[in-house]
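Student: Please choose one part of this protein and examine it closely, together with what lies around it. I am new to this structure, so a connected account would help me most.

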Amino acid sequence: MAVAYITKEQKDDMLKRMVLTNAHLGTEKVEPKMASHVFSRAAEGHHVINIEHTIEKLALAARIVVATPNPKDVCVVASRDVANRPALKFAHYTGATAMAGRWTAGTLTNQITKQFMEPRVAIIANPEDDAQAIAECSRANICVIAFCTSDSPLQYVDVAIPCNNRGAQALGLMFWLLAREVRYLKGLLPRAEAWDVMPDFFMHRLTNDDRKKDDGISDDDEDAESQAEDAEAQVE
């Protein structure tokens, strides 16, 4: 029989992992409805999210997912690049349906579209980026679970999981924790055993273009650098 609660050892492990990936750091702004989930404010100006609330909401969201009879009726929506991989991996390990990439308007409300679907639960990676999907969920009476940072809008969100939803490592970890808890509650994984799937498997991997943007390097700069290297080689 599956143990329906998070043990103290697992809770301590979750706290350490979230701190290491900065999953507890919000933005410099705070939405009034998210103020209750803010613990304090860092010296840099970022709001610090109460991790105790994060764990409680994770457990609640996992129970909702497990209570859905058909796992495919759980839709994971992720339009931002850093959320695509976590959403796909979560769907793979829980049996949910992933909608990674650009959201097609009318997916939940227009039966004529090829992508039309009728899920019972929607997991949103970022309420700001996936506002259209949340609006359609409200019209179709679909339960909405969303990863929300300190300034995320909570309109039509039924369960808000407070966390850093913009960092690649933080968002990947949150999807990993939710997937692990779902597997625990379903009895697919004993709580006494560690999950052999690493959190890194859920995290977005930077491409060369992403590294250029992070380093402030443009294509012209890279071409100039390669031409300079060729010139030096010819001189030698």
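Tutor: Strands are DSSP runs of E with at least two residues, helices are runs of H or I with at least four, and both are numbered from the N terminus. Two strands pair if DSSP finds at least two bridges between them. The model is a predicted one, in which local features need pLDDT of at least 70 and side-chain atom pairs count only at pLDDT 80 or more, while totals for chains, interfaces and linings use all residues. Residues are numbered from 1 along each chain as its sequence is written, and side-chain values use heavy atoms, with hydrogens and water left out.

The protein has seven helices and seven strands, which follow one another as α-β-β-α-β-α-β-β-α-β-β-α-α-α. The part to examine is the sheet. Five strands form this open sheet in the order β4-β3-β5-β6-β7, with parallel pairing. β4 (97–100) and β7 are the edge strands; each has a single partner, so one side of each is left without a neighbour in the sheet. On average, neighbouring strands are turned by 15° against each other, direction ignored.

Consider each edge in turn. At one edge, β3 and β4 run parallel and are joined by four bridges, and Val76 stands opposite Ala98 of β4. At the other edge, β6 and β7 also run parallel and are joined by four bridges; here Ala146 has Ala160 of β7 as its bridge partner. Both faces of β7 are covered, as Val159 and Ile161 on one side and Ala160 and Pro162 on the other are all buried, that is, under 20% relative accessible area with a 1.4 Å probe, protein chains only. Of the 236 residues in the protein, 44% are buried.

Next come the helices against the sheet. Helix α4 (residues 131–139) lies across β3, β5 and β6 and runs at about 160° to β5; such angles, from 0 to 180 degrees, are taken between N-to-C directions of lines fitted to C-alpha atoms, for helices over the stretch in contact. Helix α5 packs on the sheet too, touching β3, β5, β6 and β7, and its direction makes about 140° with that of β6. Contact here means heavy atoms within 4.5 Å. In α4, the buried residues are Ala133, Ile134, Ala135, Glu136 and Cys137, and β3, β5 and β6 are among what covers them. After α4 comes Asn141, with a positive phi near 60°.

What joins the strands and helices in the interior? A nonpolar core is a set of buried Ala, Val, Leu, Ile, Met, Phe, Trp, Tyr and Cys residues joined through side-chain atoms within 4.5 Å. The largest such core has 43 residues, and Met18, Phe90, Ile123, Phe147, Met174, Phe175 and Phe202 have the most contacts inside it. At least two residues each come from α1 (8–20), α2 (51–67), β3 (74–78), α3 (81–94), β5 (121–124), β6 (143–148), β7 (159–162) and α5 (168–186). The most, 12 residues, come from α5. Leaving aside residues up to four places away in sequence, Phe175 touches Val76, Pro86, Ala87, Phe90, Ile123, Ala125, Phe147 and Phe202. Apart from this core lies another, of 18 residues, including Val144, Ala146, Leu154 and Val157.

For the protein as a whole, 57% of the contacts with a separation of 6 or more are between residues 24 or more positions apart.

Conventions. Buried < 20%, exposed > 50% of the residue type's maximum accessible area, 1.4 Å probe, protein only.
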